[in-house]
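Good morning, colleagues. I should like to take you through a few local features of one chain, beginning with a term that we shall need throughout.

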Amino acid sequence: MVKFTYNQPIFKYRRRELRRNQTKSEKILWQQVRANKLGCRFWRQYSVGPYILDFYCPALRLCIELDGELHQEKENKLYDQDRDAYLKEHDIIVLRFKNEEVESRLGATISKIMTYLPKTPLA
């Protein structure tokens with residue numbers, strides 16, 4: 001089993017590459033959650049154990065994943081299930097949204113995220 005750590009150096013260049021090559025939906029959501037806009041700090045392409053998360057708020061142990069077409073394939077669904085189980089074992093909540101949801105119903109996406117955030121901003 002992989003030691004549970006955050007932002008392992010082995011993933012540094014992959015995380016950087018993913019930040020530089022964001023999907024359209026990642027760019028849209030990042031503009032909404034960056035710089036404590038929702039009252040807590042999210043990080044992009046944050047690694048937890050062997051996985052790189054799209055967005056992660058360490059203070060809340062909240063992960064947001066955006067899923068494109070590839071996530072519909074059987075092999076990728078199984079990978080996502082294993083990943084979600086790993087994160088759940090480490091008390092991390094995973095919210096999943098399809099890219100289309102972010103792009104066409106951004107308000108509803110943000111509203112759902114807000115239900116997991118504290119009513120008062122974190123220090």
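A residue is called buried when its relative accessible area is under 20%, exposed when it is over 50%, and partly exposed in between. Please bear in mind that this is a predicted model.

Let us apply that term to S25, which is found in helix α2, residues 24-33. Is S25 buried or exposed? Its relative accessibility is 1%, so S25 is buried. Its side chain makes a polar contact of 2.6 Å with the side chain of N99. Beyond the neighbours within four places in sequence, the residues in contact with S25 are L66, N99, V102 and E103.

I turn now to the sheet. It is open and has four strands in the order β1-β2-β3-β4, with mixed pairing. At its edges stand β1 (43-48) and β4 (93-98); each has a single partner strand, so one side of each lacks a neighbour in the sheet. From one strand to the next, the twist averages 45 degrees. Strand β3, residues 62-67, runs parallel to β4, and six bridges join the two. Among the residues of this pairing, D67 has K98 in β4 as its bridge partner. Helix α2, where S25 is located, lies across β1, β2 (51-57) and β3, and runs at about 35 degrees to β2.

The next residue is R15, in helix α1, residues 12-20. Which side chain of opposite charge is nearest to R15? It is E17, at 12 Å; R15 is buried and has no salt bridge. A polar atom of the R15 side chain does, however, lie 3.0 Å from the backbone oxygen of Q8. Setting aside residues up to four places away in sequence, R15 touches N7, Q8, Q45, Y46, S47 and I52.

One of those contacts, N7, leads to my last topic, the backbone. Most residues other than glycine have a negative phi. N7, in the segment before α1, has a positive phi, near 45 degrees. With a relative accessibility of 28%, N7 counts as partly exposed. N36 also has a positive phi, of about 60 degrees, and is not a glycine. N36 is located in the loop between α2 and β1. Its relative accessible area is 44%, so N36 is partly exposed.

To close, I would leave you with two residues: S25, buried at 1% relative accessibility, and R15, buried without a salt bridge. Thank you for your attention.

Terms used:
Residues numbered from 1 in each chain as written. Predicted model: local features only at pLDDT ≥ 70, side-chain atom pairs only at ≥ 80, totals over all residues. Heavy atoms only, no water. Buried < 20%, exposed > 50% of the residue type's maximum accessible area, 1.4 Å probe, protein only. Polar contact = N/O pair within 3.5 Å; in protein donor to acceptor, adjacent residues only side chain to side chain. Contact = heavy atoms within 4.5 Å. Pairing = 2+ DSSP bridges. Axes fitted to C-alpha atoms, helices over the stretch in contact; angles between N-to-C directions. Lys, Arg positive; Asp, Glu negative; His and termini not counted. Salt bridge = Lys/Arg side-chain N within 4 Å of Asp/Glu carboxyl O.
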